[in-house]
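User: I should like to learn how to read the strands and the ligand surroundings in a protein model. Could we work through one together?

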Amino acid sequence: MNELISQFAVKGAPAQYSRYGCGHINETYMVTCDSGFVYILQKINKSIFTKPEELMENIAATTAFLAERSDDPRASMHLVLTTDGKTFYKDAEGEYWRMYDFVPSTVCMQKAETPKDFYFSGLAFGRFQGQLADFPAQTLHEAIVDFHNTRVRFAQLHAAIEKNYENRAELCKVELEFALARECEAGAIVDKLANGELPLRVTHNDTKLNNVLFDYDTRTPLCVIDLDTIMPGSSLYDYGDSIRFGASTAAEDEKDLDKVWCDMELFRTYTEGFLEGCNGSLTDLEVEMLPMGAKMMTLECGIRFLADYLNGDTYFRTHYEGQNLDRARTQFKLVADMESKWEMMHTIVKESVK
Ligand code: ADP
Ligand code: GN1
Ligand code: MG
């Protein structure tokens, strides 16, 4: 390990290292050097991110851009380069490693403890969006191709219906009917991106609360982390995915659907934070379509869970049989709930524009 750490331009000699945080994707270590400097070392998950070089180009370009826009070193992530000036180190086993400066005195929450925490995550992801508004998004690589292309996600659902692992389509007729009845809406965002009505933006694509570091003392947001899924896309993806996950009243795999709905107070608080963070950088159409972002990200995620169920659970890790179907059901319940609150969601968005 010390040899690995020494590949990076750290200050001092490595003195201590240990596994760190509770991320599910990368292998994360905290490294302390005898100089007192602390770093985060991560092994990139190659099975999910098949082109680590491209992903690191995305991260290097966006973090450098963000760093120029703030004087506070804790407000953005800083890559530590290798001793030969590269953004990653490839070891003898072909594993890819990268290093960041450790951001000190932070909290990383798995779940919002108060609505204010959710508001602040909206503020952080909004700022991320706002500060990168002038970044040439078309120069970024698609870390996962067609990640939020809802039309492609529907095509993958059709392929999964054909595959019909263990004849599971029999067990999810209602869910399939629900999803397919909404296929006509699949182009709501992607078509407007393609024809230029919606601007191409830098998107984070994993906008959960646990990807924001908060200041330990003030509990206000410092910076957005977990930058592997940065890609070109729509601001509606980042906003929508936060609402899908964070404004839901229940766990993603809750079996009792009576407990699942989209909480309008949480929807409001996140929207206020996000719009404040974006600081006027969104177009009128983007703002108007925020509810659509929430609905499409939720529908799409439901479709992905359902397709994975029909494929025999090959993508999302499951802990019991049928978990992906339970997950699809909660997402579709949220979609139905949003549809019934459609006017209210638009009113809240209008009221949140300052
Ligand atoms: P994963 O993709 O596995 O979720 P993350 O990049 O989110 O990986 O990192 C995992 C955890 O490590 C985070 O939840 C956070 O607690 C911590 N972490 C990551 N980067 C830093 C950093 N630069 N400074 C302090 N803590 C960090
Ligand atoms: C995956 O790894 P995690 O749990 O942050 C998925 C997201 C889904 C989410 C649903 C790279 O995110 O797109 O919304 O599960 N990430 C990838 O729980 O596919
Ligand atoms: Mg993470």
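Analyst: Let us begin with a definition: two strands count as paired if DSSP finds at least two bridges between them. Please keep in mind that this is a predicted model.

User: What joins strand β2 to strand β3, and in which direction do they run?

Analyst: In general, the strands of a sheet pair through backbone hydrogen bonds, and they do so either parallel or antiparallel. Here β2, residues 27-33, and β3, residues 38-43, are joined by six bridges and run antiparallel. One bridge to look for is that of T32, whose partner in β3 is V38.

User: What lies between β2 and β3?

Analyst: The two strands form a hairpin, with four residues between them. In the turn, G36 has a positive phi of about 95°.

User: Which other strand is joined to β3?

Analyst: Strand β6, residues 96-101, is joined to β3 by five bridges, again in an antiparallel arrangement. To locate the pairing on screen, find I40, which stands opposite Y100 in β6.

User: How should I read the order of strands in the sheet that contains β9?

Analyst: Read the order from one edge to the other. This open sheet has three strands in the order β7-β9-β10, and its pairing is antiparallel. Its edge strands are β7 (106-107) and β10 (221-224), each of which pairs on one side only. Between β9, residues 212-215, and β10 there are three bridges, and F214 stands opposite P221 of β10.

User: Which helix lies across β9 and β10, and at what angle to β10?

Analyst: That is helix α3, comprising residues 115-131, which runs at about 50° to β10.

User: Let us turn to the ligands. How many residues surround ligand 1, and which are the closest?

Analyst: A shell is read by listing the residues with a heavy atom within 4 Å of the ligand. For ligand 1 there are 18, the closest being I25, N26, Q42, V103 and D226. The shell divides into nine nonpolar, seven polar and two charged residues.

User: Which atoms of N26, Q42 and D226 lie by the oxygen atoms of ligand 1?

Analyst: For such polar contacts, the cut-off is 3.5 Å between N or O atoms. N26 places a backbone N or O atom 2.9 Å from an oxygen atom of the ligand. Q42 instead uses an N or O atom of its side chain, at 3.0 Å from a ligand oxygen. A polar side-chain atom of D226 is likewise 3.0 Å from an oxygen atom of ligand 1. On its own, ligand 1 has 550 Å² of accessible area, of which the protein covers 95%.

User: How does the shell around ligand 2 divide into nonpolar, polar and charged residues?

Analyst: It holds seven nonpolar residues, no polar ones and five charged ones. Members of this shell include I25, I144, F147, D206 and Y315. Helix α10, residues 290-311, gives the most to the shell, with three residues.

User: Which side chains have polar atoms by the oxygen atoms of ligand 2?

Analyst: Three can be listed. The side chain of K208 has an N or O atom 2.8 Å from a ligand oxygen. R244 has a polar side-chain atom 3.3 Å from an oxygen atom of ligand 2, and for E252 the corresponding distance is 2.8 Å. The protein covers 83% of the 450 Å² of accessible area that ligand 2 has on its own.

Technical notes. Residues are numbered from 1 along each chain as its sequence is written. Chains are lettered from A and ligands numbered from 1 in the order in which they are written. This is a predicted model: local features need pLDDT of at least 70, side-chain atom pairs count only at pLDDT 80 or more; totals for chains, interfaces and linings use all residues. Side-chain values use heavy atoms; hydrogens and water are left out. Contact means heavy atoms within 4.5 Å. Axes are lines fitted to C-alpha atoms, for helices over the stretch in contact, and angles run from 0 to 180 degrees between N-to-C directions. A polar contact is a pair of N or O atoms within 3.5 Å; within protein, one must be able to donate a hydrogen and the other to accept it, and residues adjacent in sequence count only if both atoms are side-chain atoms. Accessible areas come from the Shrake-Rupley method with a 1.4 Å probe; for residues, only the protein chains shown count as cover. Ala, Val, Leu, Ile, Met, Phe, Trp, Tyr, Cys and Pro count as nonpolar, Asp, Glu, Lys and Arg as charged, and the others, Gly among them, as polar.
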